[in-house]
Amino acid sequence: MSTYRVTIVGAGLGGLTLAHGLLRRGFDVAVYERDPHPDARSQGYRIQLDEPGLTGLRRCLPEHLFELCLATSGAPPARVHVRNRRLEPVADRAAAAQTPSGPAPRPRAFDRPTLRRILLAGLGGTVHHGAQLRGYELTSAGRVTARFGDGQSATGELLVGADGVGSSVRRQLLPGALVEDAGLRLIYGKIPLGGPAADDLPGWVFDAVFTVLAAGPGQPHVGLGPVRFGRPPELAGLAHDPPITLPATSDYLALLVGAPADHPAMPSLERLRGLDHRALRELAGRLLGDDWHPDVHRLLARWRTESLFPLRISTARSVPTLPPGPVTLLGDAVHAMSPVLAMGANTAIRDAGELVTALSAAVASGTPLPAAVEEYQRRMAGYAGPLVARSRQTGQARVGQR
């Protein structure tokens with residue numbers, strides 16, 4: 001059993017997945033999260049996990065938690081549809097690819113808050129909330145000490161920055177690494193699917209794991225994807241041994257309206273963030289004119305107003321070369337990408353699985369941990385770099401990303 005201590009900054013999907021994988025393999029792990037509690041801010045709604053993310057979860061989680069993840073997810077048709085504003089087909093592709101070992105698992109639609117609650121389960125005192133990283137120092141023994149604003153500190157053999165787009169770890173490790181405004185603004189919300197009203201929704205919204213309605217570069221776009229739980233999360237959690245308290249969440253359709261930041265109807269970022277729910281709904285209606293198909297306006301009318309919130313999309317300029325040593329990064333902290341390929345969460349969770357594999361192999365073979373970290377960083381750059389570039393290119397061509 002390893003006696004190595006790993007400090008993880010950030011209790012998002014990637015950081016929590018990593019914590020599970022390392023704990024299962026005997027590492028001493030502590031996770032520090034700046035939010036005061038798990039529900040301190042909105043974590044969004046739907047996320048899609050494909051082969052990279054599902055494989056990472058399976059690699060890291062105890063089997064009972066992985067099965068609970070699947071039980072509380074949905075499996076819509078494994079297609080991604082692109083249509084124009086009149087709903088005429090533009091592109092249709094399979095969402096499950098062939099891998100060297102055979103067909104990839106079909107994509108699953110998850111509710112992010114539910115998935116995060118499952119990932120928090122079983123970690124107990126491993127996760128420390130209300131801990132904002134202030135900086136870190138390398139010790140003469142080759143270890144690293146992280147210091148937090150609440151007075152806590154943690155010293156270990158490895159510090160992992162899993163703290164998202166605004167990563168404090170990245171700012172110190174790579175002060176020149178740029179995360180750029182992608183020039184896209186989103187209004188994100190959901191439409192409840194419970195009850196007979198769901199029967200009035202157009203059938204095409206359920207024909208794919210995700211559908212994009214694109215009017216062309218420089219114009220608004222709409223994205224939507226259904227979340228139909230295999231089993232109601234609160235019931236699946238209660239049936240788990242031991243029981244896990246999961247949010248009572250009904251099936252829904254996640255729906256977003258996006259537009260370039262310089263669109264004439266889009267206010268400044270500061271003003272956008274200051275709009276209340278009703279004003280966000282009104283703004284979305286102005287962005288989508290009368291030339292959009294009536295189905296789209298009927299969907300907007302079904303938005304749950306109190307679910308709406310604005311988002312600014314950011315992207316890494318490229319995946320930077322990480323220096324060797326006892327500090328590394330995963331997920332959006334190193335390779336933020338726009339959501340057009342639905343690969344952000346997938347890649348963060350894949351990072352966790354890759355890092356767990358590299359560190360475990362090092363312990364088993366007696367290889368120094370820095371060499372294992374360097375191998376992880378090499379592999380991560382190899383798959384994440386092309387995804388950042390492809391996300392940018394697709395976003396520029398489809399929805400007006402910078």
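How many bridges pair strand 14 with strand 18, and is the sense parallel or antiparallel? Strand 14 (residues 179-192) and strand 18 pair in the antiparallel sense, over eight bridges. The legends below describe a predicted model, in which local features need pLDDT of at least 70 and side-chain atom pairs count only at pLDDT 80 or more, whereas totals for chains, interfaces and linings use all residues. Residues are numbered from 1 along each chain as its sequence is written, and side-chain values use heavy atoms, with hydrogens and water left out.

**View A. The open sheet of seven strands.** The strand order is 5-4-15-16-17-14-18, with mixed pairing; strands are DSSP runs of E with at least two residues, helices are runs of H or I with at least four residues, both numbered from the N terminus, and two strands pair if DSSP finds at least two bridges between them. Strand 5 (89-94) and strand 18 (309-316) stand at the edges, each with a single partner strand, so one side of each is left without a neighbour in the sheet. The twist averages 20 degrees from one strand to the next, where axes are lines fitted to C-alpha atoms, for helices over the stretch in contact, and angles run from 0 to 180 degrees between N-to-C directions. Val-179 has Ala-316 as its bridge partner in strand 18. Helix 12 packs on this sheet, touching strands that include strand 4 (79-83) and strand 14, and its direction makes about 130 degrees with that of strand 18.

**View B. The open sheet of five strands.** Here the order is 9-2-1-13-19 and the pairing is parallel. The edges are taken by strand 9 (127-129) and strand 19 (327-329), each with a single partner strand, so one side of each is left without a neighbour in the sheet. Strand 1 is joined to strand 2 (residues 28-33) by five bridges, and Val-9 has Tyr-32 as its bridge partner in strand 2.

**View C. Surroundings of Thr-7.** Thr-7 is found in strand 1 (residues 5-9) and, at 1% relative accessibility, counts as buried, a term for residues under 20% relative accessible area with a 1.4 Å probe and protein chains only. Beyond its neighbours within four places in sequence, Thr-7 is in contact with residues including Ala-30, Tyr-32 and Leu-158, contact meaning heavy atoms within 4.5 Å.

**View D. The largest nonpolar core.** Of its 76 residues, Ile-8, Leu-18, Leu-49 and Leu-359 touch the most other members; such a core is a set of buried Ala, Val, Leu, Ile, Met, Phe, Trp, Tyr and Cys residues joined through side-chain atoms within 4.5 Å. Helix 12 (residues 369-399) gives the most to this core, with nine residues.

Definitions and conventions: Buried means under 20% relative accessible area, exposed over 50%, partly exposed in between (1.4 Å probe, protein chains only).
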